[in-house]
Amino acid sequence: MATTTRTYNDAIDALNSLQTPFAVIEARRRAGVRPDAASVREMRAYLARLGYTPRDLDRLNIVHVAGTKGKGSTCAFVDSILSRYSGTTTTNGTITPRRKIGLFTSPHLIAVRERIRIDSTPISEALFAKYFFQVWDRLEQNPDIAGDQAEPGSKPIYSRYLTLMSYHVFLSEGVDVAVYETGIGGEYDATNVVERPVASGISTLGIDHVFALGNTVDKIAWHKAGIMKPGSPAFTIEQVPSAGEVLKERAAEKGVDLQVLDIDPRLEGVKIRPDAVFQKKNATLGIALAETALKKLDPGFVRDPKALPREFVEGLEQVVWRGRCEVKDEGNVIWHVDGAHTVDSLKMAARWFVEECTGRKEGGRKVLIFNQQGRTEAVDFLDGLCETVEKTGKGFEHVIFCTNVTYAKTGYKRGNQPVLLFFFLSSFFFFFDFVNRQHDPKDIEEMTQQRIFAERWKQLDPSANILLIPTIEEAINTARECAKEGEPPVQALITGSLHLVGGALGILEKADAL
Ligand SMILES: Nc1ncnc2c1ncn2[C@@H]1O[C@H](COP(=O)(O)OP(=O)(O)OP(=O)(O)O)[C@@H](O)[C@H]1O
Ligand SMILES: [Mg+2]
Ligand SMILES: [Mg+2]
């Protein structure tokens with residue numbers, strides 16, 4: 001990859017070249033190749049080529065979170081609490097200096113730099129480009145270290161590159177504590193190169209990423225349990241029994257003291273949004289992780305079992321975690337935006353939408369915009385969604401299935417220049433942060449998946465007006481056209497994938513990053 005200039009866009013181009021192409025993913029899937037221990041060995045090799053050892057990561061005081069759902073939300077709670085708590089405590093009369101908090105999450109909604117945050121803000125384009133190419137150069141300067149377990153001269157794949165880069169960013173920027181969300185699973189996830197986290201947390205387990213992790217919740221639990229490390233406290237919340245058992249067994253094998261937390265009674269009176277049990281579980285986990293980190297970072301910190309410190313309450317109430325249970329009132333349309341993309345979380349999202357709608361005086365017509373790309377099982381997401389909303393007596397009047405392409409004219413993402421990368425998609429240009437090589441372009445062009453969704457919805461609710469619309473932008477405009485003069489505002493739900501939600505928020509807010 002030519003890297004003669006080193007702008008942010010060059011960095012994004014180079015990063016996108018590290019995506020595993022759709023054809024390779026398919027070939028591996030057919031051959032039954034699943035992630036294994038080699039991925040962490042490879043991460044260790046790249047870390048060494050960058051000039052770091054796993055010991056260096058200890059300086060980051062990592063809080064590590066795995067789970068099927070609620071990882072990102074839990075991490076956001078920890079980040080929000082810690083950033084409010086730092087700099088406010090007095091030890092022996094002196095104010096402790098403000099701490100820098102790193103946050104590494106996935107996926108991104110609009111711009112990839114959202115995945116690497118310092119003090120809750122995505123790193124700037126300039127900083128992203130700078131560190132991206134520092135990593136690139138170091139890998140090229142040290143193409144091989146004798147005996148290491150990565151192919152000589154190779155570059156890590158997309159998610160592993162970003163993980164490596166995040167360590168380099170946080171170490172270079174002097175981050176005091178870094179909160180890490182796993183990508184897929186735990187045991188073999190790129191983030192699992194950390195050996196001595198300050199604490200590990202496992203959020204709600206369920207079924208997702210079946211190919212990589214297994215098709216039952218106990219197999220999935222085995223992977224997630226891989227982030228627990230001897231010598232580091234580990235926490236989880238109530239799980240379905242088969243998953244809970246596996247977590248306990250693996251904790252015992254590793255000699256880890258795993259605490260299973262009930263909803264924290266100190267949350268009474270704290271305004272958690274949405275006001276739902278799943279979010280209180282995420283908050284409970286977030287509190288325990290933040291407390292454990294603070295015990296290490298702040299010798300003056302004492303846990304009060306009766307009440308949460310003011311900074312914790314503020315951190316929990318004011319947390320920002322975009323694309324999850326968001327309401328945006330546009331006048332004619334009230335948008336409900338949630339990136340749920342598993343059977344269970346879609347039921348949660350539907351319940352939240354229904355509660356929002358029933359809480360309103362006037363009930364306008366309901367419109368759904370749904371997308372999920374590249375996962376055939378996604379058609380089963382629809383049943384719970386339809387049923388939950390129909391229970392209110394008034395289901396979705398219009399149901400729009402669109403692709404994950406954002407803009408009608410320019411393709412995936414607004415940018416300075418379009419880059420034509422792909423063959424099949426004659427009418428779409430691909431843009432930087434959302435070039436996605438991991439889906440079959442033909443499926444998108446022919447709206448194969450959307451047609452399957454439409455068939456299913458026709459069976460679920462024959463009275464709904466079902467529409468297939470190519471882009472997110474056109475889907476949003478269509479929903480806007482459903483609003484009629486003199487009628488209460490349209491109540492629209494946008495859900496099914498984070499790509500969809502990111503694209504939609506980008507359009508609704510004209511934002512470049514969240
Ligand atoms: N504990 C939970 N149980 C079930 N559903 C949840 C839970 N927490 C969040 N959700 C739902 O899942 C969606 C995604 O939440 P979040 O980003 O925290 O999860 P994640 O684990 O980071 O997911 P991803 O796989 O997208 O990285 C939310 O919008 C919400 O609808
Ligand atoms: Mg996931
Ligand atoms: Mg996430």
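## Helix α5 against helix α12

In this predicted model, a good place to start is the contact in which F77, S80, I81, R84 and Y85 of α5 meet E311, F312, E314, G315 and L316 of α12. By class, the residues of this α5–α12 contact are five nonpolar, two polar and three charged. Charged side chains thus have a place here, beside the nonpolar and polar ones.

How do the two helices lie relative to each other? The axes of α5 (residues 71-85) and α12 (residues 310-317) come within 8 Å and cross at roughly 140°. Angles over 145 degrees would count as roughly antiparallel, and α5 and α12 are therefore oblique to each other. The crossing in which α5 passes α12 is right-handed.

## Helix α5 against helix α11

Helix α5 has another partner to look at, α11 (277-297). On the α5 side, the contact is made by S73, T74, F77, V78, I81, L82 and Y85. They meet Q279, N282, A283, L285, G286, L289, A290, A293 and L294 in α11. Which classes make up this contact? The residues divide into 11 nonpolar, five polar and no charged.

The geometry can be read in the same way. The axes of α5 and α11 come within 8 Å and cross at roughly 45°. Because angles under 35 degrees count as roughly parallel and 65 to 115 as roughly perpendicular, α5 and α11 are oblique to each other. The crossing of α5 and α11 is right-handed.

F77, I81 and Y85 are worth picking out on screen: these residues of α5 are listed in the contact with α12, and they are listed in the contact with α11.

## Two domains

Stepping back from the helices, the protein chain is divided into domain 1 (35-317) and domain 2 (326-509). The centres of the two domains, taken over C-alpha atoms, are separated by 30 Å. Domain 1 gives 14 residues to the contact, and domain 2 gives 12 residues. On the side of domain 1 that touches domain 2 there are nine nonpolar, three polar and two charged residues.

## The shell around ligand 1

Where does ligand 1 lie with respect to domain 1 and domain 2? Both domains give residues to the shell around ligand 1, so the ligand lies between them.

There are 23 residues around ligand 1, and G70, K71, G72, S73 and T204 come nearest. The elements that give two or more residues to this shell are α5, α11 and α13 (343-358). Helix α13 gives the most, with four residues. Sorted by class, the shell around ligand 1 holds six nonpolar, 10 polar and seven charged residues. S73, one of the nearest residues to ligand 1, is also among the α5 residues that meet α11.

## Backbone details worth a look

Two cis peptide bonds deserve a glance. One runs from S106 to P107, with omega near -10°; P107 lies in the loop between β4 (101-104) and β5 (116-118). Another cis peptide bond joins R273 and P274, and its omega is about -15°. P274 is placed in the loop between β10 (258-261) and α11.

A further backbone feature is found at D119, which has a positive phi of about 50° although it is not a glycine. D119 sits in the loop between β5 and β6 (121-122).

Methods: Residues numbered from 1 in each chain as written. Chains lettered and ligands numbered in written order. Predicted model: local features only at pLDDT ≥ 70, side-chain atom pairs only at ≥ 80, totals over all residues. Axes fitted to C-alpha atoms, helices over the stretch in contact; angles between N-to-C directions. Left-handed = near helix turned anticlockwise from the far one by under 90°. Contact = placed C-beta atoms within 7 Å. Nonpolar A, V, L, I, M, F, W, Y, C, P; charged D, E, K, R; others polar. Near = placed C-beta within 6 Å. Domains from an automatic or database assignment.
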